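Student: I'd like to go through the charged pairs in this protein with you. Can you show me the structure before I start asking?

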Amino acid sequence: MAALKKFATRYLVQLLTPVSRNYKIQRRSLSARLIEVGIKDIPRIEGQYDSGQMFLHKVFGYRGVIVHSWTVNIKDTEADRALKDSPLNLWSGSYAPQDEEVIRRDLTFEGTNKSSEKMQPYYLVLMDFRDVPFIRTHCDTESFRFLGTKDGRRSVHVVPGIDYVAHEDIAPYTSVEKPPIKHGLFDKMLYHDPDSVPPYCPTEWLRDWRKEKHWGMELRTVYRQTTNNIRVSVLPFYLGSLEKIHSQECVWRYSIRLENFGDETVQLREREWKIFCISGEMQVVKGRGVWGREPVLSPKSRAFQYSSSVELPRNGGSMWGIYKMERADGSIFECKIPSFTLESQ
């Protein structure tokens, strides 16, 4: 039973009898009880999902709903051998064969040191708070930061339970739960319209919120680099400027996702960042782990995500670095963090 409970906390999705062209989706709870949460929708190979679309995250397993979308530029560098038939997808068997082919082809690279660019949808989503306790060990659930005003001063604020999700990580479904998502902002952002597809639409509050916060949440470019089957993805955002006593500095936040596409278990031991300012200054930041953690990436837990922020003078700069990863045999290798620009807008 203990092993069954441990297995259940991963929130795996089981493929059941098809209903028309859709599928019932069920989750495993702590008591190993299957709970039906909705009917599987056909994944979109082309185009974007609409605001109000319910989904399950293919990697982290949480329930969520899309509230905004962008088409972003993906800058991808493959630093070593090809990635074949990625095991990262926890939804094995839940796709039609042609859908799985597209996903695998997207994760397959040929040659070495190959760089590529492509346009791909990314989504701002609300996460279901019921699922958050089960993903805390491998996913930062407070990834949305913005500059707000309090007592006449501007400071960085954090909104919990908001994430950015790639199109390839969306498994769409129609919820049978009411409410479909438990999040403090759900009723403010979306209203139910049974005649709409999906049956939840943006409220005026959400439209105004997107206009107000657009400059701090817009995603333009995602940077990726793969070393020894470990892919690091960086999502940078410009937040705005902060007035200080002798200077004015700009604030950027960035989300980092590490993914293990190999068969080896590795652990992140150290980080080393190089932060270059256009004025010519260079900072080197070293330390153990990230945010007090030394995450393990294994065949059972292949991904880890977190976010942070940095302040630089108004003219901006760039960042890059390495993570020192330890294998099970104690050997160390360096995993590259792709260089990304910090531009004030």
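Tutor: Here are some questions and answers on how the labels for this predicted model are earned. In this predicted model, local features need pLDDT of at least 70 and side-chain atom pairs count only at pLDDT 80 or more, while totals for chains, interfaces and linings use all residues. Residues are numbered from 1 along each chain as its sequence is written, and side-chain values use heavy atoms, with hydrogens and water left out.

Student: What makes R63 and D128 a salt bridge?

Tutor: The term asks for a side-chain nitrogen of Lys or Arg within 4 Å of a carboxyl oxygen of Asp or Glu. For R63 and D128 the N to O distance is 3.8 Å, so the pair passes the 4 Å cut-off.

Student: Where do R63 and D128 sit in the chain?

Tutor: R63 is in strand β5 (residues 63–78), and D128 is in the loop between β6 (114–127) and β7 (144–150), 65 residues apart. Strands here are DSSP runs of E with at least two residues, and helices are runs of H or I with at least four, numbered from the N terminus. By that count the chain has 4 helices and 21 strands.

Student: Which other residue forms a salt bridge with R63?

Tutor: D131 does, with the closest N and O atoms 2.9 Å apart. D131 is also in the loop between β6 and β7, 68 residues from R63.

Student: Why is R63 called buried or exposed?

Tutor: Buried means under 20% relative accessible area, exposed over 50%, and partly exposed in between (1.4 Å probe, protein chains only). R63 has 2%, so it counts as buried. D128 is buried because its value is 0%, and D131, at 0%, is therefore buried as well.

Student: How about R269 and E326: what makes them a salt bridge?

Tutor: Their closest N and O atoms are 2.6 Å apart. R269 belongs to strand β16 (residues 266–277) and E326 to strand β20 (residues 317–327), 57 residues apart. With a relative accessible area of 22%, R269 is partly exposed; E326, at 21%, counts as partly exposed too.

Student: Which residues are joined into one network by salt bridges that share partners?

Tutor: E168, D169, R224, R231, R257 and E259. The structure holds 18 salt bridges.

Student: And how much of the protein chain is buried?

Tutor: Buried residues make up 52% of its 345 residues.
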